[in-house]
Amino acid sequence: MHLGNYLGLLENSEKQLARAFDKVSRHHQDEPDIEQMCQKLSAWSVRHGGQLQPFLVRYADSRSPEPAAMEKVLFGQPRSGSLALLRDLHDLWLLTNEVKLCWDIIGNAALALRDKELEATCTACEAETKRQLDWLLGRIKQAAPQALVVAA
Amino acid sequence: MEETRNSITDIWGPRTGYEGPWPIRVDEQLTEPAENWVQSACVLCSNGCGLDIGVKDGRIVGVRGRAQDRVNHGRLGPKGLHGWQANHSPDRLTTPLIRRHGQLQPATWDEAMSLIVDTSKQLIREHTAGALGFYTSGQLFIEDYYTLGVLGKAGLGTPHMDGNTRLCTATAAAALKISFGTDGQPGSYTDLNTTEAVLLVGHNMASQQTVLWARILDRLAGPNPPQLVVIDPRRTYTAEKATVHLAPRVGTNLAVLNGLLHLLIEHDYLHHEFIKAHTVGYAELRQTVEKWTPERVEALSGVPAEQLLAAALIIGTSKTLVSTALQGVYQSMQATAAAVQINNIHLLRGLIGSPGNAILQMNGQPTSQNTRECGADGDLPGFRNWGNPAHIQELATLWNVDPDKIPHWAPPTHAMQIWRYCETGSIKLLWIQATNPAVSMPELARIRRILRQKDLLVVVQDAFLTETAQLADVVLPAALWGEKTGTFTNTDRTVHLSYKAIDPPGEARADLDIFLDYARRMDFRDKDGQPLIKWSTPEEAFEAWKACSKGRPCDYSGLSYAKLTGGSGIQWPCNEQYPDGATHLYTDHEFNTHADYCETYGYDLVTGTEKQPEEYKAQDPKGKAFLKAADYEPPHEEPDEQYPLWFTTGRVVYHFHTRTKTGRAKALHEAAPEGFVQLSAEDAACYGIREGDLVEVTSRRGQATEPARIGGIEPGLVFMPFHYGYWDQDQDPPRAANELTLTEWDPVSKQPHFKYAAVRIRKV
Ligand code: SF4
């Protein structure tokens, strides 16, 4: 069984996402809504990580020694300006999708295992991950025309 | 000089306890006898009292209330009785000004308009219309707003249009849309005549809408007084009359409201059939408010549990209820989420759409309702849904333009973002009308910096050289109320016609004429090559707006200038079905939430994200109202060691929007020439401050100094009125409360947070 691995992958992805939201929050402090919302959404990912803990223990022995995390090359240097903001939100959206897919996959596995508890956790966390995605997409749509068409 | 009473000392006038219709009392203020009277209504608060303007020798000599008007029954408050004096102020702008070599210098209209038009055209060529932004007012007329909306949305096609209504009523609009599908107040002021209970949340009605408050005072003096629940951290005039006054800590509105909802559910003060037949979302609401027990609310907000219980008993057991909300909700943390909980109270009890029941998500400014209706702010005209292609097509057909001309690819840019685009340089022309952001916006030092920016052409259209106009590149002198004809709508949907009584001074022009001139010079065309804007008089503009509003909730099609003349204000919708207007919306408990009719597909109350149409359509509530739940979140800035006190802001009786007009009316100015710093006796003692001592208040963003006023406020909280600026006083020491406030806004309504910040104080 590889569920343990996948849980590890998800945990890592959530950690990475939390860090990424936090980073974007700090890099774009001049955009008050970005700063506030990214902080809030970072906290959601931290919380999701916490909610995974019991299952990481439960399925620990099913872990194979494969690399658990997919390191991303997103977020190289701090970026500022309207195009940079767009790029950062874009990268966050990609990372969040990664997390969403993990929750989806593990939710399916939980069904197969009839692990009601894990299933409930996946449903709740996936719904919140979707809200992270929705916010990112809305903000990207708002920022994109101005950044791509109007700004110097 | 004729004066029916001294409204400065006797703010609300004598009491007439009543049952049935509110008795008439005609208030009047005349400096000399009038030769003729011209029909109008007051634009100095969102009440919109009907009045007549007295004229002699081409000058206004006073005003008197209109006895037959449904809003005020003849009464006027201090601002209505005195505010007109600003029209005759010697410092009116009488000619356009252009900044040359750093100085604003007189210019001709042709020079000023050519400069604006040439710059607009050049910017559009180089950067598209996305380089142009408009920041309008809550004080123009329907005709102005609609024309502005059309020229901006179908002429230029810029998404950057908003108004200072963002600072005052954006949350009201958002809350109404979220709960009921579209904007529009469900009830009427007349509901105050019969209601058994009134819930005022963050609304100091006694100061803000003095005539509306007189109606409540008269009920309190009558045979069947209503019970009053007031939620406000200060002991205001309004709070003094409360049956129960809840004084929550700053930033905890949502916890208190969730506590009330919790108690309504726990004590089963519910209209179960109504909830089942006409709402969605009950289960989630119940789950969210479950943990907000009175004890928990008390621990967080400081509102004693037994007081919360007492309030819930009134709200839960009275057969009718009028609830109102204003800036104490809208400019606080979780503004929209909290405003929506007020709607939820009515939905849980089924108290909506019938006499005695009203939810008044109040407006701060008189004609802000019209910016929302006419599309001069972030909304589309006629409460249309920017996410619904059919609605965009309706507008495109009406205006005879390509639908893609109308910006609808993303939500329209809200005011705070417009300023941010100016700051980062992508908006290069900002046209401001009849408002004064250099005093009214948060974090004034930042706003001044933006207005001074080199590559931003700032156009200001106003009647006075305000703090903002002083920083402009082009100033256009505008006519004031009484000097132009047009209509406007108050909070309870009452439409008034205000006639031109006198000519504007010098070369000042009506706002409508300025917009029409711009449209003509920009040569906006429709698809057939005809002029896009086909009207040239206020009445023609009103007719065009009627056509746009037809079939939408704010249906004006049954109104006309003739119908609005002579009698009293009329409420929308006014059409074939309601030829005399409608007192209540939703009388059949069918709400405007149908997927093809609603103004929004909903929001995530926490992140502010707009929901997608597919999602909405899949669960089309088909006329049911939404019970939207939200949990409490702490404010983003809280007192700490460096800034140990809470700071909050508000208005006083005698002033209105940055005092541009009210500060120029002698009696109003003399009644409140300066602001103040309100402190509790405990805090005053702790800092060694006595009544009248100068107090310096400092936040992370700036500082302001005003004399101390002690008492009437909870310890740990500091209050300042927010509309004192600098046109009548030096910049030093700074005195505007908005030097201190935060650049930060509600995620849903985008309304800035003026009601909290962390500060420190010291005696000067
Ligand atoms: S209550 Fe408002 S509208 Fe009425 S007179 Fe006073 S300021 Fe004017």
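Buried area is the accessible area, found with a 1.4 Å probe, that two parts lose on being put together, summed over both. In this predicted model, whose local features need pLDDT of at least 70 and whose side-chain atom pairs count only at pLDDT 80 or more, totals for chains, interfaces and linings use all residues, and side-chain values use heavy atoms, with hydrogens and water left out. Residues are numbered from 1 along each chain as its sequence is written, while chains are lettered from A and ligands numbered from 1 in the order in which they are written. Between domain 3 of chain B and domain 4 of chain B, the buried area is about 1800 Å², and carbon and sulfur atoms give 58% of that area.

**Domains of chain B**

- By an automatic or database domain assignment, chain B is divided into domain 1 (2-88), domain 2 (97-162 + 367-551), domain 3 (170-362 + 590-600) and domain 4 (645-763).
- The C-alpha centres of domain 3 and domain 4 of chain B lie 27 Å apart, and the contact (heavy atoms within 4.5 Å) takes 23 residues from domain 3 and 20 residues from domain 4.
- On the domain 3 side, Arg234(B), Val250(B) and Gln331(B) lose the most area to domain 4, and together they make up 38% of what that side buries.
- The two domains, 3 and 4 of chain B, have zero salt bridges between them, a salt bridge being a side-chain nitrogen of Lys or Arg within 4 Å of a carboxyl oxygen of Asp or Glu.
- There are, however, 10 residue pairs in polar contact between domain 3 and domain 4 of chain B, both residues being at pLDDT 80 or more; a polar contact is a pair of N or O atoms within 3.5 Å, where within protein one must be able to donate a hydrogen and the other to accept it, and residues adjacent in sequence count only if both atoms are side-chain atoms.
- Helix 4 of chain B, where helices are DSSP runs of H or I with at least four residues, numbered from the N terminus, gives the largest share of the domain 3 side that touches domain 4, namely four residues.

**Where chain B meets chain A**

- In this interface, 24 residues of chain B are in contact with 22 residues of chain A.
- The two chains bury about 2000 Å² between them, with 52% of it on carbon and sulfur atoms, and Arg420(B), Thr607(B) and Thr609(B) supply 23% of the area that chain B buries against chain A, more than any other three residues.
- Four salt bridges are counted between chain B and chain A, and Asp604(B) forms a salt bridge with Arg131(A) in which the closest N and O atoms are 2.5 Å apart.
- The count of residue pairs in polar contact between chain B and chain A, both at pLDDT 80 or more, is 12.

**Around the ligand**

- The residues around the ligand, each with a heavy atom within 4 Å of it, include Cys42(B), Cys45(B), Cys49(B), Lys79(B) and Thr210(B).
- Helix 1 (78-82) and helix 6 (210-220) of chain B are the elements that give two or more residues to this shell.

**Salt bridges in the whole structure**

- Over all chains, the structure holds 54 salt bridges.
- The side chains of Arg100(B) and Glu111(B) meet in a salt bridge at 3.7 Å, N to O.
- Because Arg100(B) lies in strand 6 (residues 97-100) of chain B and Glu111(B) in helix 2 (residues 109-127) of chain B, the pair ties together parts that are 11 residues apart in sequence; strands are DSSP runs of E with at least two residues.
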